[in-house]
Amino acid sequence: MCPFELRPHHGLCLQFFRGEGYSPAFIENMTAMVAALSNNPQIKLVTGGDSICSTCPNGLADGKCTCDDKVLRYDEGVLALCDLSYSQTLSWVDFSQKIHTEILAKHLRQQVCGDCQWNHLCQE
Ligand code: SF4
């Protein structure tokens, strides 16, 4: 089993994480994720709750994000631009490179998640 399950848009969030977030537990988990991903593990792209959502203080209702419509749109934007699909596994470095070349380098991040509450923190 893939130890790292990631919602596709979290591949984008992780590029901008600078130690800020919803709560101390969330920040601690994100920091641990960034450290673990630096070892380039295989990751699996999932829909629904993942390794990051597990410490979100907003919680999950029936395994779904409380902002599910919005984050589903973000996930689908990342998948479409990176030509990836749910359940696909790939290395973190390969996923990260796709995020850079297909979204960030083309200045498309705002198109994917420009209405996120953290948008001001995630400027390229
Ligand atoms: S704006 Fe929100 S969804 Fe987009 S990368 Fe930043 S934290 Fe993630």
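Helices are DSSP runs of H or I with at least four residues, numbered from the N terminus. In this predicted model, helix α1 covers residues 8–16 and contains Q15. The protein chain as a whole has 5 helices and 5 strands. This briefing describes the overall build of the chain and then turns to two residues, Q15 and D75.

**Overall fold**

- Read from the N terminus, the elements of the protein chain follow the order β-α-α-β-β-β-α-β-α-α.
- The radius of gyration of the protein chain is 13 Å, which agrees with the value near 14 Å that a compact globule of 124 residues would have.
- Along the principal axes, the C-alpha atoms of the protein chain occupy a box of roughly 35 × 30 × 25 Å.
- Among contacts in the protein chain with a separation of 6 or more, 72% link residues that are 24 or more positions apart.

**Surface, burial and charge**

- Of the 124 residues in the protein chain, 43% count as buried.
- The exposed area of the protein chain is about 6600 Å², and 53% of that area comes from carbon and sulfur atoms.
- The protein chain carries 9 positive and 14 negative charges, and the mean positions of these two groups lie 3 Å apart.

**Q15 in helix α1**

- Q15 has a relative accessibility of 16% and therefore counts as buried, since the limit for burial is under 20%.
- The side chain of Q15 reaches the backbone oxygen of G11 at 2.9 Å.
- A further polar contact, of 3.0 Å, connects the side chain of Q15 with that of S96.
- Leaving aside residues up to four places away in sequence, Q15 touches W92, S96, I99, H100 and L104. S96 thus appears both in this list and as a side-chain polar partner of Q15.

**D75 in helix α3**

- D75 belongs to helix α3, which spans residues 68–82.
- The relative accessibility of D75 is 0%, so D75 counts as buried.
- The side chain of D75 forms a polar contact of 2.7 Å with the side chain of R7.
- Another polar contact of 2.7 Å joins the side chain of D75 to that of H9.
- With residues up to four places away in sequence set aside, D75 touches R7, P8, H9 and Y86. Of these neighbours, R7 and H9 are joined to D75 by side-chain polar contacts.

Terms used. Residues are numbered from 1 along each chain as its sequence is written. This is a predicted model: local features need pLDDT of at least 70, side-chain atom pairs count only at pLDDT 80 or more; totals for chains, interfaces and linings use all residues. Side-chain values use heavy atoms; hydrogens and water are left out. The radius of gyration is taken over C-alpha atoms; the globule rule is 2.2 Å times the number of residues to the power 0.38. Buried means under 20% relative accessible area, exposed over 50%, partly exposed in between (1.4 Å probe, protein chains only). Contact means heavy atoms within 4.5 Å. Accessible areas come from the Shrake-Rupley method with a 1.4 Å probe; for residues, only the protein chains shown count as cover. Lys and Arg count as positive and Asp and Glu as negative; His and the chain ends are not counted. The place of a charge is taken as NZ of Lys, CZ of Arg, CG of Asp or CD of Glu. A polar contact is a pair of N or O atoms within 3.5 Å; within protein, one must be able to donate a hydrogen and the other to accept it, and residues adjacent in sequence count only if both atoms are side-chain atoms.
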